[in-house]
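I opened the notebook to look up charged pairs and one serine. Entries follow.

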Amino acid sequence: LEYFASNSRSTMKIIGIDPGLRKTGWGIVNVEGNFISHISNGTLIPNSRDELCGRLLDIFQKLSEVVKKFGPQAAAVENTFVNKDAAGALKLGQARAIALLVPAKLNVPVFEYAPNTIKKAVVGVGHADKVQVKSMVKIQLPKANLDSQDSVDALSIALCHAYQYKNRERLNKAILKAEGR
């Protein structure tokens, strides 16, 4: 609980990362008290003609630039779901490893969320479809330029962590109050 500030006007910049080998989405939000605002978002597209290791390196370098440029205090990444295509899941896992490694290397705490948790936090329903998620992201972050589904997903991941952060902050305050501090 020490990670979460007890100040009611505390701020936190959060990057959400939606990893992929063809496209990696990223989105950054700022939490200040009860307000969440959009900072930036985008899509990293590695050269599809590169071998796997070249694409992973490209994602690593580009994502590192984004994290260094915006300096988030937390990173959120979607947990991988395993589908029928084991080879595809394995490759996605490698892109996901880059999404976990970049913030960790830059001393940014990383949080992971299940897809249904993200959808429930953003839409209110754990089995929402992509259209519903995009609509709710647009409503909650009207200044965001949603350039791809990948950046929409990344912003939804960042929003999910923002809500978790705000709830933890409230819990921390309640514990301090109960302890008489």
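**Serine and salt bridges**

I began with S64, leaving aside its neighbours within four places in sequence; its contacts are V102 and L106. The model I am reading is predicted. S64 sits in helix α1, which covers residues 52-70. I looked up its exposure: the relative accessible area is 9%, so S64 is buried, the cut-off being under 20%.

Next I turned to charges. I found 3 salt bridges in the structure.

I took D58 and K62 first. Their side chains form a salt bridge at 3.1 Å, N to O. Both residues belong to helix α1, 4 residues apart, about one turn of the helix. D58 is buried at 16% relative accessible area. K62 is partly exposed at 28%.

Then I checked E112 and R96. This salt bridge has an N to O distance of 2.2 Å. E112 is in strand β5 (residues 110-113) and R96 is in helix α2 (residues 86-105), so the pair ties together parts 16 residues apart in sequence. I noted R96 as buried, at 12%. E112 is partly exposed, with 42% relative accessibility.

I closed with K130 and D153. Their closest N and O atoms are 3.2 Å apart, in a salt bridge. The pair links distant parts of the chain, 23 residues apart: K130 is in helix α4 (residues 130-140) and D153 in helix α5 (residues 149-178). Which of these two is buried, and which partly exposed? D153 is buried, with a relative accessible area of 14%. K130 is partly exposed at 49%.

Conventions:
Residues numbered from 1 in each chain as written. Predicted model: local features only at pLDDT ≥ 70, side-chain atom pairs only at ≥ 80, totals over all residues. Heavy atoms only, no water. Helix = DSSP H or I, 4+ residues; strand = E, 2+ residues; numbered from the N terminus. Buried < 20%, exposed > 50% of the residue type's maximum accessible area, 1.4 Å probe, protein only. Contact = heavy atoms within 4.5 Å. Salt bridge = Lys/Arg side-chain N within 4 Å of Asp/Glu carboxyl O.
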